[in-house]
Amino acid sequence: MSKAWFVMLLASLIALVITNPNDAVTAMIRGSQGAVTLAITLCALYGFWLGFMAIVEKVGLTDKLAKILAPVVRFLFGKDISPKTKKYLTVNMSANLIGLGNAATPMGIKAIESMETEGQTKASLPMIMLVVISATSLQLIPTTVIGLRAAHGSLNPTAFLIPSIVATITSTVVGVTLVKLLGKVLPNKEKSKSMKSEKDGYAWSSTEK
Amino acid sequence: MTSYIIPLIFITVLVLSFFKKKDAYAAFVDGSKSAVNLMVGVFPFLLAIMMAVEIYKASGVSHYVSSAVGPVIELVGIPRELAELVIIRPLSGAGSLTILEGIYKTYGTDTFIGLSASAIYGSSETVFYVSAIYFSKSNVKNLRFAIPVALLATFVGNIVAVAMVRMMM
């Protein structure tokens, strides 16, 4: 992640210094402003969904959902998952499944937080699984695209749905399979590698300080 | 379809809270309390990504990279016109939506390219963004093979999406 960010930023800056230096700062500030706008929107969405999820939890629906999805959670994340984490994971996956990515995000953050053990710097297998599942999430109804297609005068805004659904299922299956395989093949004990990526982490988090 | 599902879930939950004599209002307020705090943790990552994606697009580097990558992805059946979408999609939802709109304007929504772009966007997620945000409150910074696997899986999904569109046309 930090490498991708670094290369992208450096290459863009060099290109702009050569072609159009006036644009460099403007573009970066424009992007930052976009982040502020998005953050405010997301604040509202997180607040709304977290509030709603709390009611769901209060009436005991989360426990029911967790029970229904227990076999799925066990298959994906293994047995050593605390009941609290299980709840977060269940809500996260259900929200993703019905296309509510923004409702899923707060639960994903909480799930990662609750899976973390003290002094841990490398992601555990369940954490990796959660990232891969969310990043390849099953989107059964991509409402944004349907809306945009209609807005651009498509005669059949949902014409792409079948390819889209087959593709999203494929990517999730490939992702889950790879995590399962790599989790068995690659042991989580490479000392030299963990040192290196620790530096990576600092580079990423301290760039603006 | 979704326009019915969500409100119906809401009604069910509210009715349940009434019968179980739980204070829905208090629960809601309590739950949304953590939203701003959560955003404070997420914001620096949001800013870093969106700032970089914006200058990446504005500098023209995105175009160069896309025209270099185009012939490569054509080998697996993805039209070279979709290179930029395939590259930006994992980085930024807003950034790739602009690209998708550009594709609709240039090639139309119901052409092979327009449909392929729709299927690619609809079936994939912002991989980098999701992984940065999910770990925003955590000390874990080494995600091991999470991102490569997610990217590879997404790319396989892209290939399948285009292949399916081709079969349907």
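Domain bounds here come from an automatic or database domain assignment. For chain B that assignment gives domain 1 (1-32) and domain 2 (36-168). The model is predicted.

**Stop 1: chain B as a whole**

Select chain B and show it as a cartoon. Chain B contains 9 helices and 0 strands, and in sequence order the pattern reads α-α-α-α-α-α-α-α-α. Aligned on the principal axes, the C-alpha atoms of chain B occupy a box of roughly 60 × 40 × 30 Å. Chain B has a radius of gyration of 20 Å, whereas a compact globule of 169 residues would have one near 15 Å.

Now colour the two domains of chain B separately. The centres of domain 1 and domain 2 of chain B, taken over C-alpha atoms, are 35 Å apart. Of the 169 residues of chain B, 51% count as buried. Among contacts in chain B with a separation of 6 or more, 63% join residues 24 or more positions apart.

**Stop 2: B:Lys21**

Select B:Lys21, in the loop between α1 (2-19) and α2 (24-32) of chain B. Its phi is near 55 degrees, a positive value in a residue other than glycine. Is B:Lys21 buried or exposed? B:Lys21 counts as exposed because it has 6 C-beta neighbours inside 10 Å, and the cut-off for exposed is 12 or fewer.

**Stop 3: B:Arg144**

Go next to B:Arg144, in the loop between α8 (127-134) and α9 of chain B. B:Arg144 is not a glycine, yet its phi is positive, at about 50 degrees. B:Arg144 has 24 C-beta neighbours inside 10 Å and therefore counts as buried; the cut-off for buried is 20 or more.

**Stop 4: B:Val162 in α9**

Follow the chain into helix α9 (residues 146-168) of chain B, where B:Val162 sits. B:Val162 counts as buried because 26 C-beta neighbours lie inside 10 Å. Which residues does B:Val162 contact, leaving aside its neighbours within four places in sequence? They are B:Gly77, B:Ile78 and B:Ser116. Draw a distance between the C-alpha atoms of B:Val162 and B:Gly77: the separation is 7.1 Å, for two residues 85 apart along the chain.

**Stop 5: helix α7 of chain B**

B:Ser116, one of the contacts of B:Val162, is also one of the buried residues of α7(B). Select this helix, residues 112-123 of chain B. Its 12 residues reach 16 Å from the first C-alpha to the last, close to the 16 Å expected at 1.5 Å a residue.

How many of the residues of α7(B) are buried? The count is 11 of 12, so the helix is mostly covered, with 20 or more C-beta neighbours as the cut-off for each buried residue. Among the buried residues are B:Ile113, B:Leu115, B:Ala119, B:Ile120 and B:Tyr121. To see the cover, show α5 (83-88), α6 (93-107) and α9 of chain B, then add α7 and α8 of chain A; the cover of the buried residues includes these helices.

**Stop 6: the contact between chains A and B**

Finally, display both chains. The contact takes 94 residues from chain A and 83 residues from chain B. On the side of chain A that touches chain B, helices supplying at least two residues each include α1 (2-19), α2 (22-58), α5 (101-115), α7 (143-151) and α8 (161-185). Which helix gives the most to that side? It is α2(A), with 24 residues. Colour the side of chain A that touches chain B by class: there are 55 nonpolar, 29 polar and 10 charged residues.

Methods. Residues are numbered from 1 along each chain as its sequence is written. Chains are lettered from A and ligands numbered from 1 in the order in which they are written. This is a predicted model: local features need pLDDT of at least 70, side-chain atom pairs count only at pLDDT 80 or more; totals for chains, interfaces and linings use all residues. Two residues are in contact if their C-beta atoms, placed from the backbone, lie within 7 Å. Helices (H or I, at least four residues) and strands (E, at least two) are DSSP runs, numbered from the N terminus. Ala, Val, Leu, Ile, Met, Phe, Trp, Tyr, Cys and Pro count as nonpolar, Asp, Glu, Lys and Arg as charged, and the others, Gly among them, as polar. The expected span of a helix is 1.5 Å times one less than its number of residues. The radius of gyration is taken over C-alpha atoms; the globule rule is 2.2 Å times the number of residues to the power 0.38.
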